[in-house]
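Biologist: I would like to go through this model with you. Could we take the sheets, then the pocket, then the charged contacts?

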Amino acid sequence: MGRAFQNRKESMAKTADAKTKVYSKYGREIYVCAKAGGIDPEGNLALRGLIERAKKDQVPSHVIDKALDKAKGGGGEDYSLARYEGFGPGSCMVIVECLTDNPNRTFGDVRACFNKAKSKLGTPGSVSHMFDHCAILAFEGGDEEAVLEALMEADVDVTDIESETDRITVFAPHTEYAKTKQALAEAFGELEFEADEIQFLPQTTTPVAGDDVVMLDKLLATLNDLDDVQNIYHSAEPQD
């Protein structure tokens, strides 16, 4: 199941404008995470992983510090999670995760992106049942049995473990993220994670070809341009 997951598209940003959007999205996500679970990364493993990921994506320290300061102050915007589901070009399934302070505005903006790409926004639950909501942790190593044993001893509900070219990838339910990461740290010390994510992974992929590939690219691009959009997951598998 593992090879279907991808790193954040924003990490590939090259232009100054694109990088600014990346910084804004990380700043918002760090603020919400810190406000919900505390500003200390040692006590908030979700925040710790998020900050590490932001640094890998070259987010400046002042952006991270500003988001933490806002969360510490207790004021600021009141963001909430909004998740939208629908069918994209070629009938592929799409999930869009947003952080918004105005759900009505965000819904309208996301719906407009779907309409422009000749796609259809669905109702909650219309496609999410065809995705697995997973915690994904990948790190350098080759002893799959030792990893499995450590996680089982910690009573982690492991979904799958993959070992390939000296890299181990652990999959667990999204609710087990902190527990999984803590168990790995206790068993193997500080690990350098190549992937440290909670994602929706499609249970099946949808072949997309021809003009549908062009429309899919348009849908993803317009959604990524929205400030409220944090992550996009889809089942599309473009064909040559």
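Modeller: The following exchange takes up those topics in turn, and the model is a predicted one.

Biologist: What is the strand order in the open sheet that contains E4?

Modeller: The order is E5-E6-E4-E7, and the pairing is antiparallel. Strand E5 (160–164) and strand E7 (193–202) are the edge strands, each pairing on one side only. On average, neighbouring strands of this sheet are turned by 20° against each other, direction ignored.

Biologist: Over how many bridges do E4 and E6 pair?

Modeller: Strand E4 (residues 131–140) and strand E6 (residues 167–173) pair over 7 bridges. Within that pairing, Glu140 stands opposite Arg167 in E6.

Biologist: Which strands does helix H5 touch?

Modeller: Helix H5 (residues 144–153) packs on the sheet and touches E4, E5 and E6. The direction of H5 makes about 155° with that of E5.

Biologist: Now the sheet with E9. What is the strand order there?

Modeller: That open sheet has 4 strands in the order E3-E1-E2-E9, with antiparallel pairing. Its edge strands are strand E3 (120–121) and E9. E1 and E2 pair over 8 bridges, and the bridge partner of Ala82 in E2 is Cys98.

Biologist: And which strands does helix H4 lie across?

Modeller: Helix H4 (residues 103–116) lies across E1, E2 and E3, running at about 150° to E2. H7 also packs on the sheet, where it touches E2 and E9; the direction of H7 makes about 160° with that of E9.

Biologist: Changing topic: how much space lies in the largest pocket?

Modeller: The largest pocket holds about 610 Å³ of space. It is lined by 27 residues, and the closest to its centre are Glu29, Cys33, Arg53, Glu97 and Ile198.

Biologist: Which elements supply at least two residues of that lining?

Modeller: They are helix H1 (16–37), helix H2 (45–56), strand E1 (80–87), strand E2 (93–100), E7 and strand E9 (229–234).

Biologist: How do the lining residues divide into nonpolar, polar and charged?

Modeller: The lining of the largest pocket has 12 nonpolar, 8 polar and 7 charged residues.

Biologist: Last topic. What is the count of salt bridges?

Modeller: The count comes to 15 salt bridges. In one of these, the side chains of Asp228 and Arg28 meet at 2.7 Å, N to O.

Biologist: Where in the chain are Asp228 and Arg28?

Modeller: Asp228 is in the loop between helix H7 (211–224) and E9, whereas Arg28 is in helix H1. The pair links distant parts of the chain, 200 residues apart.

Methods. Residues numbered from 1 in each chain as written. Predicted model: local features only at pLDDT ≥ 70, side-chain atom pairs only at ≥ 80, totals over all residues. Heavy atoms only, no water. Pairing = 2+ DSSP bridges. Axes fitted to C-alpha atoms, helices over the stretch in contact; angles between N-to-C directions. Contact = heavy atoms within 4.5 Å. 1 Å grid on protein atoms, 1.4 Å probe; cavity = no way out; pocket = protein on both sides within 12 Å on 5 of 7 lines; lining within 4 Å. Points joined across faces, edges and corners; volume = space filled by probe spheres on them. Nonpolar A, V, L, I, M, F, W, Y, C, P; charged D, E, K, R; others polar. Salt bridge = Lys/Arg side-chain N within 4 Å of Asp/Glu carboxyl O.
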